[in-house]
Amino acid sequence: MLYLRFMNRAVVSLILAVLCVSCAPPPPSRMEFVLGTLCSVNLFERGTAAEYDAVFARFREIQGIMAFTGAEDTDLDLINLNAGLRPAAVPGELLDVLEQARRYAELSGGAFDPTIGPLVRLWGIGGESPRIPGAAEIEKALDLVDWRDLVIDRAAGTAFLRRRGQSLDLGAIAKGYAADQAAVILGRDRPAIIDLGGNILALGERQGRENWRIGVQDPLEDRGNYLGVLGVKNKSVVTSGNYERYFEEGGLRYHHILSTDDGYPVRNGLLSVTIVADRSIDADALSTVCFALGPEEGLALVEALPNTEAVFVREDRVVILSSGAPFTLTGEGYSLMPTSSSSNTR
Ligand code: ADP
Ligand code: MG
């Protein structure tokens, strides 16, 4: 009798323990610093710890392949250190991303260029000691920037930069690739928000049917103040802006998107460009491409691409939309540029 009672109690507590584990609320989201930025993944109580582990492990893996460290740490570093010397054997997925980057370099006539490394290092924007380089230094670095010197050999599994001193920087595209890879792990049909420092992939639909409402940062206000909202399902929304990383000197702002024409931060009257596309790698690359090209050429490019929309914000607070941009203006002091599509002009 005593024995049985003991057994019962043991069984009951075992059952309770099992119930407790299975009833413990799954984590609603996870946030970590990786890929040079604060990354968050939100699976809305439907994700498991194992899924979060897998996604963040993948982000760290991509960082280990594609980050620029300057040392011999990543596969990208290996290509850079062997510039002008010999092709470097690197993982196939790095070759994939390099091919995409090269496509956008070609598409933008070189305004977007993955061999921007020497200029990025020279300015050091976003690093510990950014500075305004001298004209001669800029000229020397700019001379090394040329995507046509990137040789990709798929059969050999190698990448090569033709000239010594050249270096690749995938800062404008790698986060988009990483977001797409998270979607590969999680599947595209479930509700999830993958936010890699503002590079957003909104998977599935909100509450099973509604659009996600993604705020577009007001470039002139503190973070979290929006100038408008994009309503999207299963899309990536990525912004490039002059407020993301910069330093100021002599009353001037020097930001992190550099012109391959003159080697200085791009100045073309834009504050930001937001792109909506199916794949995050495209949205990420195109936001930088369009910022570098400027509103006229950038808009023409977006209009020529299928399933791609854009929101350009100019310094004079005029907002320019592509013909199908699912955007609603909410910010004070901004106005929409009239377009031929009446649905967007409110
Ligand atoms: P963020 O890194 O803030 O998301 P972007 O996606 O626009 O912003 O990428 C900016 C980064 O891209 C820079 O920090 C630099 O590493 C790189 N970059 C700067 N200028 C260019 C350019 N003209 N072409 C390609 N990459 C660039
Ligand atoms: Mg980008």
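**Exercise 1. Place Leu119 in the predicted model: decide whether Leu119 is buried or exposed, and state which residues it contacts beyond its neighbours within four places in sequence.**

Solution. Begin with accessibility: in this predicted model, Leu119 has a relative accessibility of 0% and therefore counts as buried, the cut-off for that class being under 20%. Next, locate the residue, which is found in helix H5. Then list its contacts, leaving aside neighbours within four places in sequence: Leu119 is in contact with Ile138, Ala141, Leu142 and Val145, and also with Leu258, Ser259 and Gly263. Finally, a distance can be added for Ile275, which is 156 residues from Leu119 in sequence and 25 Å from it in space, C-alpha to C-alpha.

**Exercise 2. Work out which residues of helix H6 are buried, which exposed residues the opposite face carries, and what the cover of the buried residues includes.**

Solution. First, take the buried residues of H6, which spans residues 135–144: these are Ile138, Ala141, Leu142 and Leu144. They lie on the same side of the helix, because the arc that they cover around the axis is only 150°. Second, turn to the face directed away from this buried side, where the exposed residues Ala135, Ala136, Glu139, Lys140 and Asp143 are carried. Third, ask what covers the buried residues; the cover includes helix H5, residues 117–123. The contacts of Leu119 in H5 fit this picture, since among them are Ile138, Ala141 and Leu142.

**Exercise 3. Identify the protein donors of the magnesium ion (ligand 2), give their spacing in sequence, and explain which parts of the chain are tied together.**

Solution. Start from the atoms: the donors are Ala172 (O), Asp284 (O), Asp284 (OD) and Thr288 (OG1), at 2.2 to 2.7 Å from the magnesium ion (ligand 2). Written as a pattern, the donor residues are spaced A-x111-D-x3-T in sequence. Because Ala172 sits in the loop between strand E5 (158–161) and helix H7 (174–186), whereas Thr288 belongs to helix H8 (residues 280–293), the pair ties together parts that are 116 residues apart in sequence. As a last step, consider the accessibility of Thr288, which is buried with a relative accessible area of 13%.

**Exercise 4. Compare the settings of Leu35 and Phe44, stating where each lies and whether each counts as buried or partly exposed.**

Solution. Take the backbone first: phi is near 55° for Leu35, a positive value in a residue other than glycine, and phi of Phe44, also a residue other than glycine, is positive too, near 50°. Then place them: Leu35 lies in the loop between strand E1 (29–34) and strand E2 (37–42), while Phe44 lies in the loop between E2 and helix H2 (49–66). With a relative accessibility of 15%, Leu35 counts as buried, whereas Phe44, at 30%, counts as partly exposed.

**Exercise 5. Describe the setting of Asn242 and the lining of the second largest pocket.**

Solution. Asn242 is found in the loop between strand E10 (235–241) and strand E11 (246–249), and it is buried, with a relative accessible area of 9%. Not counting residues up to four places away in sequence, Asn242 touches Arg253, His255, Leu270, Leu271 and Phe291. For the pocket, begin with the volume, about 340 Å³. The lining comprises 21 residues, of which Gly110, Ala111, Ser259, Thr260 and Asp261 lie nearest the centre. Sorted by class, this lining has 9 nonpolar, 5 polar and 7 charged residues.

Note on methods:
Residues numbered from 1 in each chain as written. Chains lettered and ligands numbered in written order. Predicted model: local features only at pLDDT ≥ 70, side-chain atom pairs only at ≥ 80, totals over all residues. Heavy atoms only, no water. Buried < 20%, exposed > 50% of the residue type's maximum accessible area, 1.4 Å probe, protein only. Helix = DSSP H or I, 4+ residues; strand = E, 2+ residues; numbered from the N terminus. Arc of directions from axis to C-beta. Contact = heavy atoms within 4.5 Å. Donors = N, O, S within 2.8 Å, 3.2 Å for Na, K, Ca; no water. 1 Å grid on protein atoms, 1.4 Å probe; cavity = no way out; pocket = protein on both sides within 12 Å on 5 of 7 lines; lining within 4 Å. Points joined across faces, edges and corners; volume = space filled by probe spheres on them. Nonpolar A, V, L, I, M, F, W, Y, C, P; charged D, E, K, R; others polar.
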